[in-house]
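User: I want to learn how to read a ligand site. Can you take me through one, step by step?

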Amino acid sequence: MAEIGFIGLGNMGGPMAANLIHAGHKLKVFDLSQAAVARLAGAGAGAATSAADAAKGAEAIVTMLPAGQHVRDTYLGPQGLIAAAAAGSLLIDCSTVDVATAREVGAAATAAGHEMLDAPVSGGTGGAQAGTLTFMAGGSDTAFARAEPILSCMGKAVIHAGGPGNGQAAKLCNNMILGISMIGVSEAFVLAGKLGLSHRTLFDIASKSSGQCWSLTSYCPVPGPVPASPANREYAAGFTAAMMLKDLKLAQAASRDVSANTPLGAEAAALYALFESHGGGSLDFSAIFKFLSGKT
Ligand code: NAD
């Protein structure tokens, strides 16, 4: 079992770190929130006083931070993880960040003699707690081979997406599909209601027709057809609209960088931005249905 430094113990990182402890790994953890560190210390982790302290003596370091700037601040510079980690350490960033940051930090890690993976996740807080996340990893074959047994303790699928940054590329593309498809399904339910077609009937037909997709059959945005979906609990988040907006903006920035045509991705980002400005940011992203219905 490995000695692992873990930094960023929020809604995702906290339960992910707990699952590594349950699997028998020895953890040293750090977060800006002392309460978060204390929670994990209560579960058996060592408490570090800084990110660099968490890296001391660790063979592998996992980070789960809010956004690109936090990742740059934590990894780069004289006090950063890349400088603090022992030569040859394995660095795994599971945060969702822009592709350019992932590639820049990955290159700095490699230049310092470490191995690094960007390994963002799909599956939300439920998946983090249950240990059923999907990891999409970008980095070398050897970094992936070292990381896979660690990531497997936190997820049901660990997929090598290619070289540095490709994990983030996969995450942004996946979530752009998700944002667009959730809006499409929601618009269909709004139209059905106005045409006198019940939500249940549209669900029963579209789920067996060519409109079938995950946003419809696993995460239905109207109450009723899929009991586990957030629509049945006042849209309490699973995955917030603010998080969806973050990922759609990252997809748009990446599209601009490489001149990709993603007009529906741009529309989806604009719509989620409008929803957030109307107070929807903390609701589940499927609440875009309520917004399109004129109910928010
Ligand atoms: P969160 O805000 O709950 O947790 C982030 C944690 O990082 C906080 O505890 C914060 O104190 C800590 N932190 C911030 N800066 C730090 C620093 N410099 N040093 C140490 N700790 C620091 O966020 P989250 O929901 O856990 O999301 C984390 C990442 O996972 C994000 O990149 C997000 O996009 C991604 N993600 C989230 C979900 C989800 O459903 N929440 C799903 C998939 C991916």
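Analyst: Start with the neighbours. This model is predicted. A residue counts as near when one of its heavy atoms lies within 4 Å of the molecule. Here 24 residues surround the ligand. Among them, Asn-11, Met-12, Asp-31, Leu-65 and Lys-246 come nearest.

User: Which kinds of residue make up the shell around the ligand?

Analyst: Sort them by class. The shell has 11 nonpolar residues, 10 polar ones and three charged ones.

User: How do I read polar contacts?

Analyst: Look for pairs of N or O atoms within 3.5 Å. Asp-31 uses its side chain: an N or O atom there is 2.6 Å from a ligand oxygen. Met-12 uses its backbone, with an N or O atom 2.9 Å from an oxygen atom of the ligand. Leu-65 also offers a backbone N or O atom, 2.9 Å from a ligand oxygen.

User: How much of the ligand's accessible area does the protein cover?

Analyst: On its own, the ligand has 840 Å² of accessible area, and the protein covers 84% of that. The ligand takes up the space of the largest pocket.

User: Which elements give two or more residues to the shell?

Analyst: Three helices do: helix 4 (68-75), helix 7 (124-130) and helix 12 (241-258).

User: Why does the ligand lie between the domains?

Analyst: Check who supplies the shell. Domain 1 (3-162) and domain 2 (169-292) both give residues to it, so the ligand lies between them.

How values were computed: Residues are numbered from 1 along each chain as its sequence is written. This is a predicted model: local features need pLDDT of at least 70, side-chain atom pairs count only at pLDDT 80 or more; totals for chains, interfaces and linings use all residues. Side-chain values use heavy atoms; hydrogens and water are left out. A polar contact is a pair of N or O atoms within 3.5 Å; within protein, one must be able to donate a hydrogen and the other to accept it, and residues adjacent in sequence count only if both atoms are side-chain atoms. Accessible areas come from the Shrake-Rupley method with a 1.4 Å probe; for residues, only the protein chains shown count as cover. On a 1 Å grid over the protein atoms alone, a cavity is a set of points where a 1.4 Å probe fits but cannot get out, and a pocket is an open set with protein on both sides within 12 Å along at least five of seven lines; lining residues have an atom within 4 Å of a point. A molecule sits in a cavity or pocket if more than half of its atoms lie within 2 Å of its grid points. Helices (H or I, at least four residues) and strands (E, at least two) are DSSP runs, numbered from the N terminus. Ala, Val, Leu, Ile, Met, Phe, Trp, Tyr, Cys and Pro count as nonpolar, Asp, Glu, Lys and Arg as charged, and the others, Gly among them, as polar. Domain bounds come from an automatic or database domain assignment.
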